[in-house]
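Please look through the structure below with the following explanation beside it. The paragraphs take up a pair of helices and then a sheet.

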Amino acid sequence: MPMESLPYKTALINWKRWAWVFPFAGLALLILFVPLPLPFHAPQDRLLRIEASSFQFTPGEIQINPGDRVTVELVSTDVVHGFSLDGYDFELKADPGQTATGTFIADQAGVFRFRCSVACGNLHPFMIGKLQVGPNLLFVRGIVLGLLAISAALISLKNVSRGTA
Ligand SMILES: [Cu+2]
């Protein structure tokens, strides 16, 4: 056997040893980027009563479904506060002790911040809440990716114990 063929053979063995990684990498990319079908929910009328006080919204995290008709009741418990929803053209302003009401259709899925839009004090810039329209896909993708990583680690360990890695 000519000596030149040895490095080539070694490379081939290396390639085979790591071949299982490629389907895993492909799967991981798929999990990250495949557009998941949104589960269908019949649009609902939602009434969200949100208390604004220096310097927070209560509740600060809200989940609704795409297509919902959302009525926000913004209640200010102390000074004048605003409610401005990123990604949507929706804004409210509530006077002290008063309630401001407005309605919008949740026609964009995703995660949107809502912020106070009235300078209400020194921590005003941190008066931020989170509105999630639709399911938490990042969370689902994260879990599946975690399971994939665990099985890849197990395969890798198995290869090590067999002395092939
Ligand atoms: Cu404010």
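Which residues in helix 2 meet which residues in helix 3? In this predicted model, F24, L27, A28, I31 and L32 are the residues of helix 2 that take part, and they meet R141, V144, L145, L148 and A152 in helix 3. Sorted by character, the residues of this contact comprise nine that are nonpolar, one that is charged and none that is polar.

Two packed helices are described by the angle between their axes and the distance between the axes. Here helix 2 spans residues 21–33 and helix 3 spans residues 137–162, and their axes come within 9 Å while crossing at roughly 170°. Because angles over 145 degrees count as roughly antiparallel, helix 2 is described as roughly antiparallel to helix 3.

Helix 2 also contains A25, which is exposed because it has 11 other C-beta atoms within 10 Å, where a count of 12 or fewer qualifies as exposed. Although A25 and A149 are 124 residues apart in sequence, their C-alpha atoms are 9.8 Å apart in space.

The sheet is the next element to follow. It is an open sheet of five strands, arranged in the order 3-9-8-5-6 with mixed pairing. Strand 3 (61–64) and strand 6 (90–94) stand at its edges, and each has a single partner strand, so one side of each is left without a neighbour in the sheet. From one strand to the next, the twist averages 20°. Within this sheet, strand 8 (residues 110–115) pairs with strand 9 (residues 128–133) in the antiparallel sense over six bridges, and V111 has Q132 in strand 9 as its bridge partner.

Key
Residues numbered from 1 in each chain as written. Predicted model: local features only at pLDDT ≥ 70, side-chain atom pairs only at ≥ 80, totals over all residues. Pairing = 2+ DSSP bridges. Helix = DSSP H or I, 4+ residues; strand = E, 2+ residues; numbered from the N terminus. Axes fitted to C-alpha atoms, helices over the stretch in contact; angles between N-to-C directions. Parallel < 35°, antiparallel > 145°, perpendicular 65-115°, else oblique. Contact = placed C-beta atoms within 7 Å. Nonpolar A, V, L, I, M, F, W, Y, C, P; charged D, E, K, R; others polar. Buried ≥ 20, exposed ≤ 12 C-beta atoms within 10 Å, placed from the backbone.
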